Amino acid sequence: MGKSLYIAEKPSVAQQFAAALKIAGRRADGYIESEKEIVTWCVGHLITMSYPEAYNPVYKRWSLHTLPFLPKEFKYQVIENVSKQFQIVKTLLNREDVEVIYICTDSGREGEYIYRLVAQMSGVTGKSHKRVWIDSQTEEEILRGIQNAKDWKDYDNLAASAYLRAREDYLMGINFSRLLTLKYGPYISRYMKTERTVLSVGRVMTCVLGMVVRREREIRDFVKTPFYRVIGNFQSDDMNFDGEWRSVEGSRYFQSPYLYKENGFKEKRYAEELIKALQKKEPMTGVLIKMEKKRETKNPPLLYNLAELQNDCSKSFKISPDETLRIVQDLYEKKLVTYPRTDARVLSTAVAKEIYKNIGGLKNYGPVQTYAAEILTQGSYKNISKTRYVNDKQITDHYAIIPTGQGLHAMRGLPPLALKVYEKIVRRFLSIFYPAAVYQRYILELEMEREHFFASFRVLKEQGYLKIAGVPRSGMQKADSEKEDLKKDSSEKEESELNRKNQENPAFIAMLDTLKKGSVLPVSGFVIKEGETSPPKRYSSGSMILAMENAGQLIEDEDVRIKACLRNFSRIINALLL
């Protein structure tokens with residue numbers, strides 16, 4: 001009976017497989033071998049696409065006459081600095097005593113591509129190939145993946161997509177970089193007073209650059225518009241609160257050309273005129289014509305995918321997307337979290353059935369052990385499959401990033417930043433097993449001399465998931481995303497410092513509960529709040545990641561969005577050459 005060969009993407013992952021399989025064999029240069037199994041590894045990519053000069057020396061010199069470069073068959077070559085490991089892997093793949101090859105590279109398109117290239121360049125024939133597909137590197141998951149390994153032909157479409165993406169990147173980079181350098185490089189060199197200029201073009205890089213330039217133009221072309229809001233100060237039971245004037249039907253300024261939106265004036269003098277008109281009648285009072293109380297709920301957010309985690313870590317820890325990926329990849333390899341390169345934000349039905357194991361492991365993680373125990377005791381995990389957090393249709397390769405509940409011993413060696421990222425993933429995960437946060441919204445509308453003033457207060461009544469999510473208890477302190485929304489246009493809603501403090505005052509909230517429609521409230525005075533519109537914000541590394549995830553939305557025409565993916569590549573090249 002022949003041997004089984006397990007090939008991983010990295011040495012560290014190979015060690016995990018060897019440990020899970022209890023292989024205590026001979027450690028050789030580049031592999032581990034026992035009586036029945038061999039474990040070896042790549043070191044990331046071992047093979048790369050050849051440069052144009054490998055096809056014909058004429059392509060070494062950049063020239064418009066040799067474009068577009070569109071080979072009928074693509075050439076590949078071994079990466080020089082990892083050639084030794086490739087020769088080791090090639091020899092093992094072709095050994096006569098190797099009967100079954102288990103592909104244990106990362107369970108995704110890139111991992112599939114890495115092995116397919118190795119197999120292609122090694123000339124492997126007559127072997128049985130099994131694809132191991134796992135969502136974490138726990139021993140249990142590794143053994144499950146090996147037991148359920150499928151024939152690698154089942155992943156041919158995934159491999160084809162990997163080849164196509166690589167070829168698209170290659171063709172775009174080679175052709176457009178040469179084309180734009182030859183056409184515009186000399187002009188840029190003269191302007192910049194440099195010897196030469198190379199313009200690098202990439203499928204993702206150039207699109208991102210375009211988004212950054214587009215946003216920068218919006219910022220530079222933006223003209224700030226000043227506006228002036230009128231704020232009235234109302235009293236009740238020796239407590240004050242602010243109300244914002246808005247132009248509604250019946251107001252002397254309803255649909256006036258002097259307005260900037262409904263709650264401000266374009267010029268200060270009109271705000272002053274309004275205040276003078278309201279001050280004529282003494283004593284100044286306002287009648288409460290509407291008192292609305294609404295119960296609002298805020299559900300726990302969906303789980304993290306890589307883009308969402310990168311965005312959050314950028315805001316919370318001021319780190320780049322690459323740094324976040326490096327940290328979460330390390331957490332994955334240490335068995336602490338599931339596969340990080342995922343775009344899903346939900347769980348699969350199969351995982352949901354055994355999610356109690358993940359929660360149970362977190363009882364040994366200090367910062368959340370009380371919450372994990374509470375979830376298990378109350379059994380709130382039992383119906384999770386019926387919620388929006390479980391949806392097989394929203395999962396392509398892998399479900400969301402969640403803690404495995406295992407590998408906690410490895411945390412002793414983690415740097416502080418990695419511990420913070422791990423805790424963020426854990427808290428987001430446990431949040432989905434808690435109920436929604438409940439707020440009480442108070443909406444007041446007061447009338448004074450046909451003019452209307454509005455005030456709104458939002459008070460947290462039940463914490464729900466917020467007690468584990470790490471969001472401040474105050475109903476006024478919104479999550480980051482809500483803060484960003486409020487800042488998009490400061491003319492929309494700007495709560496005063498007084499009202500913010502009032503929301504945290506139990507006595508004030510009790511006073512609100514006593515107010516009734518028709519109540520007459522004294523007005524102590526008015527102030528004019530001056531503001532101005534704000535330009536769009538420049539992208540941060542985190543917001544850029546989310547923008548890239550939804551980049552297709554920047555193309556307004558739906559037909560164009562579809563056709564942009566199907567357009568003939570050589571036709572674009574030829575059009576640009578004209």
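Is Ser107 buried or exposed? Select Ser107 in this predicted model to begin the tour. Ser107 is buried, at 1% relative accessible area. You will find Ser107 in the loop that runs between β7 (98-104) and α3. Now show what surrounds Ser107: beyond the residues up to four places away in sequence, Ser107 touches Arg131, Val132, Trp133, Ile134, Tyr339 and His398.

**Stop 1: α2 against α3**

Colour helix α2 (residues 83-93) together with α3. Their axes come within 10 Å and cross at roughly 70°, which makes α2 roughly perpendicular to α3. To see where they meet, show side chains for Phe86, Val89, Lys90 and Leu93 in α2, and for Tyr115, Val118, Met121 and Ser122 in α3. Sorted by class, this contact of α2 with α3 has six nonpolar residues, one polar and one charged.

Two residues of α2 deserve a closer look. Start with Phe86, which is in helix α2 and is buried, with a relative accessible area of 3%. Leaving out neighbours within four places in sequence, Phe86 is in contact with Leu46, Ile47 and Val78, and also with Val118, Met121 and Ser122. If you would like a long ruler across the model, draw a distance from Phe86 to Lys298: their C-alpha atoms are separated by 53 Å, with these positions 212 residues apart along the chain.

Next, click on Lys90, also placed in helix α2. How accessible is Lys90? Lys90 counts as partly exposed, at 30% relative accessibility. Setting aside residues up to four places away in sequence, Lys90 touches Met121 and Ser122. A C-alpha to C-alpha distance from Lys90 to Gly123 reads 8.3 Å, for two residues 33 apart in sequence.

**Stop 2: α3 against α5**

Keep α3 on screen and add α5. Helix α3 (residues 109-122) packs with α5 at an angle of about 90°, their axes 9 Å apart. That makes α3 roughly perpendicular to α5. On the α3 side, select Arg109, Glu110, Glu112, Tyr113, Arg116, Leu117 and Gln120. On the α5 side, select Asp156, Leu158, Ala159, Ser161, Ala162, Tyr163, Arg165 and Ala166. By class, the contact of α3 with α5 has seven nonpolar, two polar and six charged residues.

Now follow α5 along its length. Where does helix α5 bend? Across residues 156-192, α5 bends by about 50° at Tyr184, and Pro186 is a proline that follows within four residues. Just after α5, stop at Lys193, where phi is positive, at about 60°.

**Stop 3: α8 and its surroundings**

Move on to helix α8 (residues 306-317). Its 12 residues should span 16 Å at 1.5 Å a residue, and the end C-alpha atoms are 16 Å apart, which agrees. Nine of the 12 residues are buried, so α8 is largely enclosed by the rest of the structure. The buried residues to highlight are Leu306, Ala307, Glu308, Leu309, Gln310, Asn311, Asp312, Cys313 and Ser314. To see what they pack against, turn on α9 (321-333), α13 (416-431) and α18 (541-549).

While α13 is displayed, pick Val426 in that helix. Val426 counts as buried, at 0% relative accessibility. Not counting residues up to four places away in sequence, Val426 touches Leu362, Tyr365, Val368 and Pro403. For another distance label, join the C-alpha atoms of Val426 and Leu336, which are separated by 10.0 Å and lie 90 residues apart along the chain.

**Stop 4: backbone details in the loops**

Finish with some backbone angles. Which residue does a cis peptide bond join to Pro68? The partner is Leu67, and omega is about -5°. Pro68 lies in the loop between β5 (47-49) and β6 (76-78). Another cis peptide bond joins Glu282 and Pro283, with omega of about -10°. Look for Pro283 in the loop between α7 (268-279) and β12 (285-298).

Then go to Asp237, in the loop between β10 (226-236) and β11 (239-246). Although Asp237 is not a glycine, its phi is positive, at about 50°. Asp237 counts as exposed, at 54% relative accessibility. The last selection is Lys335, in the loop between α9 and α10 (349-353). Lys335 is not a glycine either, yet has a positive phi of about 70°.

Technical notes. Residues are numbered from 1 along each chain as its sequence is written. This is a predicted model: local features need pLDDT of at least 70, side-chain atom pairs count only at pLDDT 80 or more; totals for chains, interfaces and linings use all residues. Side-chain values use heavy atoms; hydrogens and water are left out. The bend at a residue is the angle between axes fitted to the seven residues ending there and the seven starting there. Axes are lines fitted to C-alpha atoms, for helices over the stretch in contact, and angles run from 0 to 180 degrees between N-to-C directions. Angles under 35 degrees count as roughly parallel, over 145 as roughly antiparallel, 65 to 115 as roughly perpendicular and the rest as oblique. Contact means heavy atoms within 4.5 Å. Ala, Val, Leu, Ile, Met, Phe, Trp, Tyr, Cys and Pro count as nonpolar, Asp, Glu, Lys and Arg as charged, and the others, Gly among them, as polar. The expected span of a helix is 1.5 Å times one less than its number of residues. Buried means under 20% relative accessible area, exposed over 50%, partly exposed in between (1.4 Å probe, protein chains only).
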